[in-house]
Amino acid sequence: MATTLLIVLTVGLASQWLAWRVGLPAIVILIASGLLLGPVTGVIPPSESPQQLNALIGMGVAIILFEGGMYLKLRELRDTGHGVVRLVLLGPPLAWLLASAAAYYIGGLDWPVAIVTGAILVVTGPTVIMPLLRQARLNKDSASLLKWEAIANDPVGVLLAVLSFQYFTTHGATLAESAWNLGLSVVTGLIVGGAGGWFVGQLYRRGAVPVHLKAPILMVLVLILYWASNQVRPEAGLLSVTLMGLVIGNMKLVEREALRSFEENLATVLLSMLFIIIPAQLGLRHLELIDGRAIAFVLVLMFVVRPATIFTIMAFAPVRRTDKLLLGWIAPRGIVAAATAGLFGPALMDAGYPDAEKLLPILFLVIFATVLSHGLSIGRLSRGLGLAAAESNGLLIVGASDFSIALAQALQKLNIDV
């Protein structure tokens with residue numbers, strides 16, 4: 001176990017470094033490394049206790065979503081609120097409907113598996129979007145739309161997947177009962193996450209925790225809140241921790257940037273591990289399930305479902321046409337989609353749906369295709385639409401002290417505009 005963990009950590013961070021060197025999205029190289037270490041070479045064997053593995057994956061995703069929630073600024077809604085509301089409230093149901101239909105008619109999946117697949121594909125990964133935004137240098141409003149959709153829709157997609165899964169696997173369950181359970185999960189997540197975030201923020205603001213313990217204690221509190229929410233309502237935990245991050249991130253705590261930096265570094269390590277561990281659980285038989293219909297489904301998802309969803313929900317919205325075009329193309333999937341597929345695929349098979357064996361390989365094909373195509377095209381597309389700076393504008397130094405003048409001269413020698 002210790003050897004496997006060391007291999008995963010080493011290969012994961014080495015993949016991140018390699019992605020930086022060659023200019024590719026990190027997740028592409030991480031997935032390739034996971035497939036190489038898992039089904040190809042067998043260095044990482046399939047887990048003998050998938051339930052424990054899923055629990056660990058869930059906690060890792062919880063920390064990643066909490067860190068994403070801390071990046072959401074409520075003041076951004078003043079300029080992009082109309083678009084964000086449509087992306088968060090109207091986007092998921094329509095994307096679920098269209099993706100489910102495509103999975104059935106194009107991908108050839110049975111309706112129960114297709115509906116769960118459509119729910120999972122509602123999400124767009126913040127773990128992918130955030131690095132792409134930094135890479136593309138998008139303007140504030142365009143970046144805000146993509147960021148809010150990616151972070152806010154992740155727990156929504158998981159809850160829709162839970163609703164679908166429970167409806168098809170619980171004996172005698174009705175649609176009304178499943179919808180009621182979904183509503184309870186949402187209310188639980190909102191109450192627990194909101195109250196928990198406010199309470200922790202107040203403790204930190206009043207100095208109840210020493211500075212050197214604030215970041216580690218916050219990480220543990222995130223996991224406790226995630227676990228407690230799931231005990232009240234299944235799968236409410238991801239929504240709780242996302243809202244907790246949103247509340248703490250907007251409380252203007254003195255140590256907010258230090259906390260966010262710690263969580264960001266931790267999320268990078270977790271992401272590196274998860275995107276190797278999850279694909280490593282695939283076998284060669286899973287890869288053989290990727291056929292022409294699966295590839296056609298991915299293409300329809302990217303070129304039909306996503307644009308149709310965006311242009312429908314954004315009709316007559318006070319959002320620039322260029323932003324609509326960007327949103328209609330950029331929708332990479334990330335770790336939440338992979339983790340959810342890894343959880344519900346085997347469970348659906350156990351419940352008597354053999355088509356669910358295709359769920360995980362199809363989701364990885366979606367992740368690989370969207371991350372690669374969107375990651376390589378976002379910079380050129382955003383600049384072509386006039387939504388991003390063509391190049392860095394240099395550095396602005398406010399003040400003319402001896403130190404700042406010496407710093408400016410040193411930077412100019414390095415060909416940095418000052």
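What is the mean pLDDT of the chain, and what share of its residues reach 70 or more? The mean is 86, and 97% of the residues get to 70 or more. Keep in mind that this is a predicted model. Confidence bottoms out in helix α12 (residues 284–287), with a mean of 76, and peaks in α13, with a mean of 95. Below is a quick tour, topic by topic.

**Helix α8 and V200**

- Helix α8 covers residues 175–205, which makes 31 residues. At 1.5 Å a residue, those should span 45 Å, and the end C-alpha atoms are 44 Å apart, so the two agree.
- Just after α8 comes G207, a glycine with a positive phi of about 75 degrees.
- V200 is one of the residues in α8. Its relative accessibility is 6%, and since buried means under 20%, V200 counts as buried.
- What does V200 touch, leaving aside its neighbours within four places in sequence? The contacts are L218, L221, M244 and I248.
- Take I248 from that set: V200 and I248 are 48 residues apart in sequence, yet their C-alpha atoms are 7.8 Å apart in space.

**Helix α7: K147 and S144**

- K147 sits in helix α7, which runs over residues 140–169. S144 has its place in α7 too.
- Is K147 buried or exposed? It's a lysine, but its relative accessibility is 10%, so K147 counts as buried.
- The K147 side chain reaches the backbone oxygen of Y71 at 3.1 Å.
- Not counting residues up to four places away in sequence, K147 touches Y71, L72, E76, I129, M130 and L133.
- S144 is buried as well, with a relative accessible area of 1%. Leaving aside neighbours within four places in sequence, S144 is in contact with E76 and T80. E76 therefore turns up in the contacts of S144 and of K147, given that contact means heavy atoms within 4.5 Å.
- Here's a handy rule for reading helix positions: an α-helix has 3.6 residues a turn, so residues three or four places apart point the same way.
- Y71 has another partner besides K147: R260 lies over the face of the Y71 ring, at 4.3 Å from the ring centre.

**Aromatic pairs**

- How many aromatic pairs does a search of the whole structure find? There are six.
- One of them joins Y104 and Y105. This pair is edge-to-face, with 4.8 Å from centre to centre and 85 degrees between the planes.
- Y104 also pairs with W111, and this time the rings are stacked: 4.1 Å centre to centre, with 10 degrees between the planes.
- Put together, Y104, Y105 and W111 make one aromatic cluster.
- How open are these rings to the outside? Y104 is partly exposed, at 31% relative accessible area, and W111 is partly exposed too, at 34%. Y105 is exposed, at 56%.

**Helix α15**

- Helix α15 takes in residues 335–350, or 16 residues. The expected span at 1.5 Å a residue is 22 Å, and the end C-alpha atoms are 23 Å apart, which agrees.
- Which residues of α15 are buried? They are I335, V336, A337, A338, A339, T340, A341, G342, F344, G345 and L348.
- After α15 comes G352, another glycine with a positive phi, this one near 100 degrees.

**Positive phi without a glycine**

- F316 has a positive phi near 65 degrees, and it is a residue other than glycine. Its place is in the loop between α13 (292–313) and α14 (321–329).
- At 85% relative accessibility, F316 counts as exposed, because the exposed class starts over 50%.
- N415 isn't a glycine either, but its phi is positive, at about 65 degrees. Look for N415 in the segment after α17 (402–413).
- N415 has a relative accessibility of 72%, so it counts as exposed.

Note on methods:
Residues numbered from 1 in each chain as written. Predicted model: local features only at pLDDT ≥ 70, side-chain atom pairs only at ≥ 80, totals over all residues. Heavy atoms only, no water. Helix = DSSP H or I, 4+ residues; strand = E, 2+ residues; numbered from the N terminus. Expected span 1.5 Å × (residues − 1). Buried < 20%, exposed > 50% of the residue type's maximum accessible area, 1.4 Å probe, protein only. Polar contact = N/O pair within 3.5 Å; in protein donor to acceptor, adjacent residues only side chain to side chain. Phe/Tyr/Trp six-rings, centres within 6.5 Å; stacked < 30°, edge-to-face > 60°. Lys NZ or Arg CZ within 6 Å of the ring centre and 35° of its normal. pLDDT = per-residue confidence, 0-100.
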